[in-house]
Amino acid sequence: MIKDADRRAVAVGRDGTQTEVPALRVEVVEAVGAGDSFAAGFLHGWLAGEHLQTCLRRGHIGAAATLTVHGDFARARADVVRRLLAADHEQWAGIRFTGADVLEPVG
């Protein structure tokens, strides 16, 4: 998997096919912890046996949530994650993640 900053992420499947997902546009509050959150989201999907596109989207959602708060971790609400994962390519590309009304409290 390759994370290309705020542009995209690319994963290569076992059969050699590439899956690319553009990054969410994010209103950044603090740029701390996004890489770890991306990896955690990606691995969550991978361990659940999800398609690479879904794994990459989970990574982007985790990074976006973390970038919208002070500190190094945040989590998007489950209903928001379901909606984002179900978005078609055009809808996904148009999303601007601000954190407002999409985050759940952590700890």
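A crossing of two helices is called right-handed if the near helix is turned clockwise from the far one by less than a right angle. In the predicted model shown above, helix H1 passes helix H2 in just such a right-handed crossing. Helix H1 covers residues 34–47 and helix H2 covers residues 52–67. Their axes come within 7 Å and cross at roughly 150 degrees. Angles over 145 degrees count as roughly antiparallel, and H1 and H2 are therefore roughly antiparallel to each other.

The residues that bring the two helices together can be picked out on both sides. From H1, the contact draws on Ala34, Ser37, Phe38, Gly41, Phe42, His44, Gly45 and Trp46. Facing them in H2 are Leu52, Cys55, Leu56, Arg58, Gly59, His60, Gly62, Ala63, Thr66 and Leu67. Sorted by class, the contact of H1 with H2 holds nine nonpolar, eight polar and one charged residues.

Arg58, one of the H2 residues in this contact, also leads to the next topic, the salt bridges. Side chains of opposite charge can pair when their charged atoms come close. A search of the whole structure turns up six salt bridges. In one of them, Arg58 pairs with Glu50, and the closest N and O atoms lie 2.6 Å apart. Arg58 has a relative accessibility of 19% and counts as buried, because buried means under 20% relative accessible area. Its partner Glu50, at 25% relative accessibility, counts as partly exposed.

Elsewhere, salt bridges that share partners join Asp4, Asp6, Arg7, Arg8 and Glu20 into one network. Within this group, Arg8 is a helpful residue to follow. Arg8 forms a salt bridge with Asp4, with 3.2 Å between the closest N and O atoms. Arg8 also forms a salt bridge with Glu20, where the closest N and O atoms are 3.0 Å apart. The pair of Glu20 and Arg8 links distant parts of the chain, since Glu20 sits in strand S3 (residues 18–22) and Arg8 in strand S2 (residues 8–12), twelve residues apart.

The accessibility of these three residues can be read alongside their pairing. Asp4 counts as partly exposed at 21% relative accessibility. Arg8 is likewise partly exposed, with a relative accessible area of 31%. Glu20, at 47% relative accessibility, counts as partly exposed too.

Definitions and conventions:
Residues numbered from 1 in each chain as written. Predicted model: local features only at pLDDT ≥ 70, side-chain atom pairs only at ≥ 80, totals over all residues. Heavy atoms only, no water. Axes fitted to C-alpha atoms, helices over the stretch in contact; angles between N-to-C directions. Helix = DSSP H or I, 4+ residues; strand = E, 2+ residues; numbered from the N terminus. Parallel < 35°, antiparallel > 145°, perpendicular 65-115°, else oblique. Contact = heavy atoms within 4.5 Å. Nonpolar A, V, L, I, M, F, W, Y, C, P; charged D, E, K, R; others polar. Salt bridge = Lys/Arg side-chain N within 4 Å of Asp/Glu carboxyl O. Buried < 20%, exposed > 50% of the residue type's maximum accessible area, 1.4 Å probe, protein only.
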